[in-house]
Structures are given as C-alpha cells and as structure tokens.
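Got your viewer open and your selection box ready? Here's a walk through the model, one pick at a time.

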Amino acid sequence: MVQGDTRNQRGSPLTELRRGVLEYCVLALVRGQETYAFEIVRHLTDAGGLVTSEGTIYPLLARLRRDEFVTTTWRESESGPPRRYYRITAAGNRALATFIADWNGFRDAVDELVNKDGGTTT
Amino acid sequence: MSSDQTVSDYLARLRSAAVVLPRPRQSELVAEVGEHIEAALEESGARDEVSVRNVLERLGSPDEIVAAERYPDDPTDPRAQVPPSAAGARRSAGRSMETKVVFGLVLSALVVVLAIVALSQGPSAALFALGFALLTPYVAIPLVIGLAVLFWSQDRERESAAPIAGALESAAAGARTRGRRSSLGLVGLLAVVALLTIALVAGHSDQIPTLAVFTLPVVVALLVTDILRGRGRKDG
C-alpha cells in the first residue's frame, strides 16, 4: 500500500492504527459474555475515539464471523426482532492473546519514546 | 412521515451500493444496518428528522460502509473512493478476465483433443484420453503452477495489511486460518481416482500401474501447493 504523498489526504496515522486494532477491541468485548451488535457498537463509541462511522462495524463483524473468531446465536428480544449475540471462539481467543502481547510491547515502546521526561517542550 | 422516508432513502442507497458484494451478504448487511437504525432511534427516544439525521450521520455513508466491506484493510484506498459500481466492475472484470483467459485456453485445448480422439476411436476412448491428457505431468504441472500462481496472488491481494498496523497485523495473522478454500490436493486425488476407475471400466486395467506412476507427482505437486498457500497466508 502506498503511503508517501497520500498521507496528507488520509489525515492522522491514527486512522490506520484504529483500523488495525478495532477488530481486537471487538474480540475483547465479546470475550467475557455474549453481546449483540448494537451493544458492541455502543461500547466502542463510549470508549471514545475508536470508531468514526458506526456502520463500518458491521462489515467487521461479518469478517469475524467468516474467520470464525466469533460465533453467533440468535435470541428473542422483548423489544423487537430476534438479535444476534456474538461470543468469542477459541481461535478468536488465540488471535486476541497474540495481539495483546504485541500491543502491550508496541504501546510501551511508543509511550517510552513520545512521553519520556524531557521530551515535552517547556 | 418524512423521517421514515429519510431512513428508507438511506437504506435504498445502501442496497444499491451493496450490489458489488456477494449476494447473501447484500441483504444481510442492509438488514443489520436497518436494525441498527431502529435500535439507535429507540435509544434516543425520538424519531423526528433531526434524530434520524444524527443517527445516519454517525452511521456513515452507504459508500463508506460498503467500502469497509470490500476493502477491509483500507477503506481509504483510492479504488474505494470511486463510485462502487464502477470500481467493482473494473476490479472484478480484471480478476475474472485473467481467470477466463486461462480457463478458456485450457478448455479449448481439451475440447479439441477430445473431439479428435472421439471421432477416430469412439467416446469411451475419448473419456480415457481426457483423463490421461489432464493428468500427464507435461500438461498437469504447468497447469498446476498456473492455478497456484493465480490462487496465491488472489490470496495475497486480499490480505494486504496497513503498514502502520502491519507489525500487529502480521503477528496476529499467524493465528488466522481461512480453511474455506477447496484443497487442490483433494481435487487432484479425486481426479486420479476417477481416472483409474475409468481405466478399469474401459478395460485398460493393465495400464493402471503406469497411470498411477504418472499421476502421483501431480497429486504431490497439488498438495505442496496447498501447503504453500496455507503458509503464505500465515506469514502475512
């Protein structure tokens, strides 16, 4: 993928970072208990700064289903049509665990460099 | 109710943008987004025009959503900015063009050979010759290499990771397995079994050992291709 001069058009590098980590954030959300799509979107928007367009979560969920990182169950809901509940799978757990290990190292390394004492302007 | 109309218009635009997606996914995506809109409006407690527009604003444009579906690793890809129908047609036309040419050539060659044999020696001989021609190393190995290259390049293109998140992506991609594609090795094995059965039925059972020897390298090559495809994906 070409970065170069198109970087300015794309805006912050955080855009790509968000995209890379978003699916793992979703996996983390369905790790403990099963959750339905709208709830997942809400948690992500509440966390702040992770989602720009909520609609793009749905393609992401579809991809996680296809990759079998999540399984889904349809359940009746009191307020309307049946909902699809998402839960992580063993494969999803493995992928998430690998990501977490990588992320912690990555986050600490970047943090160390950009937030190091003396690195801020006085 | 103008706000219901706004929602219907939005979903209609999503439906038409989604034509570039696989059929089953088209209606599924529209349904999911539709349910989201309903849930969001219920959450906000209001269905007036302003509330609806807010919900749709947060949802993003239909083109954005479809782009996220088609280019999961980079919805800002310039190809995604083109109106989806044009980009989709161009992209799938390019892909299917190569495939069509390759298969067209192979198929025509086979049909010609078959026709010649059938005309001179009868249909069961033609069937036998078909199997034999397909599976001799001189034909099969270039064919297998061609197919492997085709499949492999399609896999790689679909899995290109964003550079900044690349370090994270490729490490985790090792855990990702997409075992949904058909195994070439299995297909090859079935073809060999079919050929040997034809040989037996057509009264060429004395040829079976020779055939087995010829076809074994092909099956091995196909299985190796499967492994390489799997490993190629694992390494991101």
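## Chain A, the starting point

Select chain A to begin: of its 122 residues, 42% are buried. Keep in mind that this is a predicted model. Colour chain A by secondary structure and you'll get five helices and three strands, running α-α-β-α-α-β-β-α from the N terminus. Switch on a surface and chain A shows about 6,800 Å² of exposed area, with 52% of that coming from carbon and sulfur atoms. If you like contact maps, take the contacts in chain A with a separation of 6 or more: 46% of them are between residues 24 or more positions apart.

## The sheet

Next, pick the strands of chain A. They make an open antiparallel sheet of three strands, ordered β1-β3-β2. On the edges sit β1 (35-36) and β2 (70-77) of chain A, each with a partner on one side only.

Zoom in on β1(A) and β3 (residues 80-88) of chain A: two bridges hold this antiparallel pair. Show side chains here and look for A:Tyr36, which has A:Tyr85 of β3(A) opposite.

Now slide across to the other pairing. β2(A) and β3(A) run antiparallel and are joined by seven bridges. Together β2(A) and β3(A) form a hairpin, with two residues between them. For a landmark, select A:Thr72 and find A:Tyr86 of β3(A) opposite.

## A helix under cover

Move on to helix α3 of chain A, residues 37-47. Which of its residues are buried? Select A:Ala37, A:Phe38, A:Ile40, A:Val41, A:Arg42 and A:Leu44. To see what covers the buried residues of α3(A), turn on pieces of both chains: the cover includes α2 (14-29), β1, α4 (57-66) and β3 of chain A, plus α2 and α3 (49-59) of chain B. After the helix, stop at A:Gly48, which follows α3(A) and has a positive phi, near 90°.

Two arginines deserve their own clicks. The first pick is A:Arg42, in helix α3 of chain A. Why does A:Arg42 count as buried? Because its relative accessibility is 11%, and the cut-off for buried is under 20%. Draw its contacts, leaving out residues up to four places away in sequence, and A:Arg42 touches A:Glu54, B:Ala40, B:Glu43 and B:Arg58.

Then jump to A:Arg19, in helix α2 of chain A. A:Arg19 has a relative accessible area of 18%, so this residue is buried too. Try a distance label from A:Arg19 to A:Val51: they are 32 residues apart along the chain, and their C-alpha atoms are 8.7 Å apart.

## Over to chain B

Select chain B. Its secondary structure is 11 helices and zero strands. Buried residues account for 36% of its 236 residues. Give chain B a surface and it exposes about 13,000 Å², 68% of it from carbon and sulfur atoms. Among contacts in chain B between residues at least 6 apart in sequence, 63% link residues at least 24 apart.

Now pick helix α4 (residues 62-70) of chain B, where seven of the nine residues are buried, leaving the helix mostly covered. Those buried residues of α4(B) are B:Pro62, B:Ile65, B:Val66, B:Ala67, B:Ala68, B:Glu69 and B:Arg70.

## Into the core

With both chains visible, go for the largest nonpolar core, which has 46 residues. Which members touch the most others? Highlight A:Leu27, A:Leu61, B:Tyr10, B:Leu11, B:Leu14, B:Val33 and B:Ile37. Then light up helix α2 (residues 23-44) of chain B, which gives this core its largest share, six residues.

Centre on B:Tyr10 next. Setting aside residues up to four places away in sequence, B:Tyr10 touches B:Val33, B:Ile37, B:Leu56, B:Leu59, B:Gly60, B:Ser61, B:Pro62 and B:Ile65.

## Last stop: a surface patch

Finish on the outside, with B:Leu186, B:Leu189, B:Leu190 and B:Val193 selected. These residues make up a nonpolar surface patch with about 380 Å² of accessible area together. Find B:Val193 in helix α10 (residues 184-201) of chain B. Is B:Val193 buried or partly exposed? Its relative accessible area is 46%, so B:Val193 is partly exposed.

Key
Residues numbered from 1 in each chain as written. Chains lettered and ligands numbered in written order. Predicted model: local features only at pLDDT ≥ 70, side-chain atom pairs only at ≥ 80, totals over all residues. Heavy atoms only, no water. Pairing = 2+ DSSP bridges. Helix = DSSP H or I, 4+ residues; strand = E, 2+ residues; numbered from the N terminus. Patch = residues over 30% accessible without salt bridge, like charges linked within 9 Å, V, L, I, M, F, W, Y side chains within 5 Å. Areas by Shrake-Rupley, 256 points an atom, 1.4 Å probe, with all protein chains shown as cover. Salt bridge = Lys/Arg side-chain N within 4 Å of Asp/Glu carboxyl O. Buried < 20%, exposed > 50% of the residue type's maximum accessible area, 1.4 Å probe, protein only. Core = buried A, V, L, I, M, F, W, Y, C linked by side-chain atoms within 4.5 Å. Contact = heavy atoms within 4.5 Å.
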